Amino acid sequence: MENRVAVAAIIVEKPDSVTPLNELLHEYRQYIIGRMGIPYRERSISIISLAMDAPQDIINAMTGKIGRLKGVTVKTAYSSL
């Protein structure tokens, strides 16, 4: 299957979800090009953006697992190439 380049925007509202989220990101580390995390202390949330290069089914599997974590929201945008 052909790889796609994608960006995932992740909002973490529950601090208890940080550890399982980091475990998932570690599991898929071979597909992650880069990661930027911003703690937004005034709102008690974290904002994470991930750049990925992977088959679409891998990206979908990872973001699906992330989206099932309590207090975590994820949205993904794909390149057209």
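1. A few notes from one colleague to another. Helices (H or I, at least four residues) and strands (E, at least two) are DSSP runs, numbered from the N terminus. On that basis the protein chain has two helices and four strands, and reading along the sequence gives the pattern β-α-β-β-α-β. The radius of gyration of the protein chain, taken over C-alpha atoms, is 12 Å, close to the 12 Å that the globule rule gives for 81 residues, so the chain is as compact as a globular protein of that length. The globule rule here is 2.2 Å times the number of residues to the power 0.38.

2. Before going further, a word on provenance. This is a predicted model, in which local features need pLDDT of at least 70 and side-chain atom pairs count only at pLDDT 80 or more, while totals for chains, interfaces and linings use all residues. Residues are numbered from 1 along each chain as its sequence is written, and side-chain values use heavy atoms, with hydrogens and water left out.

3. Some overall figures may help you set up. The C-alpha trace of the protein chain spans about 40 × 20 × 15 Å along its principal axes. About 5,300 Å² of the protein chain is exposed, with carbon and sulfur atoms supplying 54% of that area; accessible areas come from the Shrake-Rupley method with a 1.4 Å probe, and for residues only the protein chains shown count as cover. Buried residues (under 20% relative accessible area; exposed is over 50%, and partly exposed lies in between) make up 27% of the 81 residues. Of the contacts (heavy atoms within 4.5 Å) with a separation of 6 or more, 67% join residues 24 or more positions apart.

4. What is in the middle? The largest nonpolar core has 18 residues, and those with the most contacts inside it are Ile10, Leu21, Leu50, Met52, Met62 and Ile66. Two or more residues each come from strand 1 (3-12), helix 1 (18-27), strand 3 (45-55), helix 2 (56-67) and strand 4 (72-78). By nonpolar core I mean a set of buried Ala, Val, Leu, Ile, Met, Phe, Trp, Tyr and Cys residues joined through side-chain atoms within 4.5 Å. Ile10 is a good residue to click on: leaving aside neighbours within four places in sequence, Ile10 is in contact with Leu21, Ser46, Ile47, Ile48, Leu50, Ile66, Val72, Thr73 and Val74.

5. Now helix 1. Leu21, Leu24 and Leu25 are its buried residues. They cover an arc of only 100° around the axis, which puts them on the same side of helix 1; the arc is that of the directions from the helix axis to the C-beta atoms. Strand 1, strand 2, strand 3 and helix 2 are among the elements covering these buried residues. On the face turned away from the buried side, helix 1 carries the exposed residues Glu23 and His26. Asn22 also belongs to helix 1 and counts as partly exposed, at 31% relative accessibility.

6. Helix 2 has twelve residues and reaches 16 Å from its first C-alpha to its last, close to the 16 Å expected at 1.5 Å a residue. That expected span is 1.5 Å times one less than the number of residues. Ile59, Met62, Thr63 and Ile66 are the buried residues of helix 2. They cover an arc of only 90° around the axis, which puts them on the same side of helix 2. Their packing partners are strand 1, helix 1, strand 3 and strand 4.

7. The loops deserve a look too. Ser17, in the loop between strand 1 and helix 1, is buried, with a relative accessible area of 6%. Not counting residues up to four places away in sequence, Ser17 touches Leu69, Lys70 and Val72. Lys14 lies in the loop between strand 1 and helix 1 and is partly exposed at 48% relative accessibility. Beyond its neighbours within four places, Lys14 is in contact with Lys70 and Gly71.

8. Please check Ser44 when you look at the backbone. Ser44 has a positive phi of about 55° although it is not a glycine. Ser44 sits in the loop between strand 2 (32-40) and strand 3 and is exposed, with a relative accessible area of 56%. The C-alpha atoms of Ser44 and Lys14 are separated by 8.6 Å, with their positions 30 residues apart along the chain.

Technical notes. Buried < 20%, exposed > 50% of the residue type's maximum accessible area, 1.4 Å probe, protein only.
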